[in-house]
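Thanks for making the time this morning. I would like to walk you through one structure, starting with the charged side chains and then moving on to the aromatic ones, and I will try to keep the reading cautious throughout.

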Amino acid sequence: MRTRTTTTTTKKCLGLQGGLLAHFIPSPLALSSTTVGRKFHRACLERALCCRAQDFEQPTETLAPEPGSKRRRKPGPRLRPPAGYRVQHLAVMSTAVKLDPNTAISTAKDAVHASFDDPRVLWWSAAATAPEMLDGMTGLPLEQQPAASEPAPSAVCSQRLFARFGALCERTRRDALLAASRPADAKHACAAYAQAREALLTDPYQLGPWQVKG
């Protein structure tokens, strides 16, 4: 089975609202800045967040390679994202007080590099009654580990978010959207978002096959 992964670059091109809320929000939502307090590396962070999709706003004409660039461009038409969809560059900053003294990249023999062994993920929002700690590997609340036979889903899992989307459609009388039985069907029903996503994920000079995994 072939699926596509979601990256921070995807969010910076398609918007934080995602395909469901794109039905209600006319323009993509973008971050203006981000602050990192652990293993900050400006070049790596900028590339991971936005700069590897730097051409996501170009027309369909064949693009010539930039002077000194190693990126090769094949001739032929390219998909163009609809109006309003483009890569949103943002300011990246580091905290004055480091939460981790180690560096992300170092050539020193005794350097301690970035480690992602800790799976804990903490999320909260203004509407949440309390923060929720998740296992980033399973998506389940940590208090349920080891997982029960039928663990309760997180408040931010796809199932719960799609249920909230359905409630919003009922409240706003968007009956056509209520016919969608899966989140993917509802996302594809937003023509502008679907076109932008297709342009981003199929163009070999954007994210293209890099995001496809078997």
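Let me begin with a question: in which helix do E46 and R42 lie, and how many residues apart are they? Both are in helix α3, and they are four residues apart, about one turn of the helix. These two side chains form a salt bridge, in which the closest N and O atoms are 4.0 Å apart. With a cut-off of within 4 Å for such a bridge, I would ask you to keep that value in mind when you look at the pair. E46 counts as partly exposed because its relative accessibility is 26%, and R42, at 43%, is likewise partly exposed.

Before going further, I should say that this is a predicted model. The mean pLDDT of the chain is 78, and 70% of its residues reach 70 or more. Among the elements of the chain, α2 has the highest mean pLDDT, 93, while strand β1, residues 3-4, has the lowest, 46. Where pLDDT is low, the predicted coordinates should not be read in detail.

Back to the charges, then: the structure holds three salt bridges. One of them joins R120 to D118, with the closest N and O atoms 2.7 Å apart; here R120 counts as exposed, at 54% relative accessibility, whereas D118 is partly exposed, at 44%. Another is formed by the side chains of R182 and D185, at 2.9 Å from N to O. R182 is partly exposed, with a relative accessible area of 47%, and D185, which is found in helix α6, residues 183-188, is partly exposed at 31%. D185 also has a long-range relation to L20: they are 165 residues apart in sequence, yet their C-alpha atoms are 9.6 Å apart in space.

Now to the aromatic side chains, where the structure holds three pairs. In one of them, the ring centres of F24 and F165 are 6.1 Å apart and the planes stand at 75°, so the pair is edge-to-face. Because F24 lies in the loop between α2 and β2 and F165 lies in helix α4, this pair ties together parts that are 141 residues apart in sequence. F24 is partly exposed, at 26% relative accessible area, while F165 counts as buried, at 5%. Another pair brings together the rings of Y85 and Y193, whose centres are 6.4 Å apart and whose planes are at 70°, so it is edge-to-face as well. It links distant parts of the chain, since Y85 sits in the loop between α3 and β3 and Y193 in helix α7, 108 residues apart. Y85 is buried, with a relative accessible area of 8%, and Y193 counts as buried, also at 8%. Finally, F24, F162 and F165 form one aromatic cluster.

Two surface features remain. L16, L29 and L31 form a nonpolar patch on the surface, with about 250 Å² of accessible area together; L31, placed in the loop between α2 and β2, counts as partly exposed at 41% relative accessibility. The other is R173, which has a positive phi of about 60° although it is not a glycine. R173 lies in the loop between α4 and α5, and it counts as exposed, at 72% relative accessibility.

Terms used: Residues numbered from 1 in each chain as written. Predicted model: local features only at pLDDT ≥ 70, side-chain atom pairs only at ≥ 80, totals over all residues. Heavy atoms only, no water. Patch = residues over 30% accessible without salt bridge, like charges linked within 9 Å, V, L, I, M, F, W, Y side chains within 5 Å. Areas by Shrake-Rupley, 256 points an atom, 1.4 Å probe, with all protein chains shown as cover. Helix = DSSP H or I, 4+ residues; strand = E, 2+ residues; numbered from the N terminus. Buried < 20%, exposed > 50% of the residue type's maximum accessible area, 1.4 Å probe, protein only. pLDDT = per-residue confidence, 0-100. Phe/Tyr/Trp six-rings, centres within 6.5 Å; stacked < 30°, edge-to-face > 60°.
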